[in-house]
Amino acid sequence: MKNINLKQAFSCARTEYIKWVCDARMIILGVLLIFIYNFAIEPLLKNAEEMGEPLNMLEPFIAIANSGMILLITPLVFLTLIADFPKIDTNTVFYIIRVGRINWLLGQIIKLVMMALSYLLFIFAGAVIPMIGRGFWYNGWSNVATQYLVRFPEKTGNFGVSLLPENLYNQLSVFEAAVKSYLLLFGYIMIIGMLLLAFSLIKKKTAGFVICGAVISLGTAFCTIKTVLMWSMPMANSIIWLHFTKYFRQPVVTMTFSVMYLVIFNLALTVFCVIAIKRFNYDNVAEIAA
């Protein structure tokens, strides 16, 4: 077992990350941006135009990170983009032998962190850039978010209003909501990637896809029906407004609980991966795709 070498780990991560960025599957991100614009940004812009008021530039991103519909699509797209993660073939086996099992695993985790951060940064840019010249930058919610129903009480079922519920703007500032949304969503999609890595190392990648799909779909279903079981899934723990009631500061579930849930889940998967890579059998590498 070779000693940990961060230089080798980062080199491995950087090389594979560049290949991932250049992959043809990145075209899916264009489709994702269209979906996000149609289902999150456009409804808010219509409400802003109707009121004759500007939006906060961060509000579309906050809406994206707290929409159940979009949070069903976001991890699924990420899962599609990292479908071959970690890529293990005969050549990879020789590379693992050369750099050491732990260094290779560390490189894969670093690569996953880089992929998750850049994926969310892309979504953030896709939400903020269309707001340039159409919104304001300030740590305060827009009148579009807080006063739309006051101005138009007959439009209670307006979709744009549901994207930024009272549970958000009555409890958190805009900057706080944006930062926490980014970090919690990062923890969520890291779990998806770590599950895929863990099952690949025990040569059950197909089962890993099934488990990831179950985590995403069950999380969506539980959040939809608002059952207490939703807190057993990463999705609910990554949606800020679910933690609060509309008006009272006392949380339904504390943010500390959700942060600990996401951190412990990822750490547990990391420990599992360390144990799995130490026991990894180089024979029949093709089994990893099974």
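**Figure 1. The loop that holds P86.** In this predicted model, P86 sits in the loop between α4 (68-81) and α5 (90-99). The peptide bond from F85 to P86 is cis. Its omega is near -10 degrees.

**Figure 2. K203 and its backbone angle.** K203 belongs to the loop between α10 (174-201) and α11. Its phi is near 60 degrees. That is a positive value, and the residue is not glycine. Is K203 buried or exposed? K203 counts as buried, because its relative accessibility of 11% falls under the 20% cut-off.

**Figure 3. K226, in the loop between α11 and α12 (234-238)**. Phi of K226 is near 55 degrees. Here too the sign is positive in a residue other than glycine. The relative accessible area of K226 is 46%. K226 is therefore partly exposed, as its value lies between the limits of 20% and 50%.

**Figure 4. I211 on helix α11.** Helix α11 spans residues 205-225 and includes I211. I211 has a relative accessible area of 33%, so this residue is partly exposed. Which residues does I211 contact, leaving aside neighbours within four places in sequence? They are L195 and F199. K7 lies 204 residues away from I211 along the chain. The C-alpha atoms of I211 and K7 are separated by 33 Å.

**Figure 5. Y17 and W20, a ring pair in helix α1.** Helix α1 covers residues 6-21. Y17 and W20 are three residues apart in this helix, so about one helical turn separates them. A pair of aromatic rings is described by the distance of the centres and the angle of the planes. For Y17 and W20, the ring centres are 5.8 Å apart. Their planes meet at 35 degrees. The pair counts as tilted because this angle is neither under 30 degrees nor over 60. Y17 and W20 are both buried.

**Figure 6. An aromatic cluster.** F61, F124 and Y182 form one aromatic cluster. The model as a whole has 10 aromatic pairs.

**Figure 7. The cavity and its lining.** Rolling a probe the size of a water molecule over the atoms shows where empty space is left. How many cavities of 30 Å³ or more does the count give? The count comes to one. The volume of the largest cavity is about 40 Å³. Its lining is made up of L44, N47, V144, A145, Y148, G160, V161 and L164. Helices α2 (28-51), α7 (143-151) and α8 (159-163) each supply at least two of the lining residues. Which helix gives the largest share? That is α7, with three residues. By class, six lining residues are nonpolar and two are polar. No charged residue lines this cavity.

**Figure 8. Confidence along the chain.** The average pLDDT of the chain is 88. A score of at least 70 is reached by 95% of the residues. Over residues 286-290, the pLDDT is below 50. This stretch has 13 contacts in the model beyond near neighbours in sequence. Where pLDDT is low, the predicted coordinates should not be read in detail.

Technical notes:
Residues numbered from 1 in each chain as written. Predicted model: local features only at pLDDT ≥ 70, side-chain atom pairs only at ≥ 80, totals over all residues. Heavy atoms only, no water. pLDDT = per-residue confidence, 0-100. Contact = heavy atoms within 4.5 Å. 1 Å grid on protein atoms, 1.4 Å probe; cavity = no way out; pocket = protein on both sides within 12 Å on 5 of 7 lines; lining within 4 Å. Points joined across faces, edges and corners; volume = space filled by probe spheres on them. Helix = DSSP H or I, 4+ residues; strand = E, 2+ residues; numbered from the N terminus. Nonpolar A, V, L, I, M, F, W, Y, C, P; charged D, E, K, R; others polar. Phe/Tyr/Trp six-rings, centres within 6.5 Å; stacked < 30°, edge-to-face > 60°. Buried < 20%, exposed > 50% of the residue type's maximum accessible area, 1.4 Å probe, protein only.
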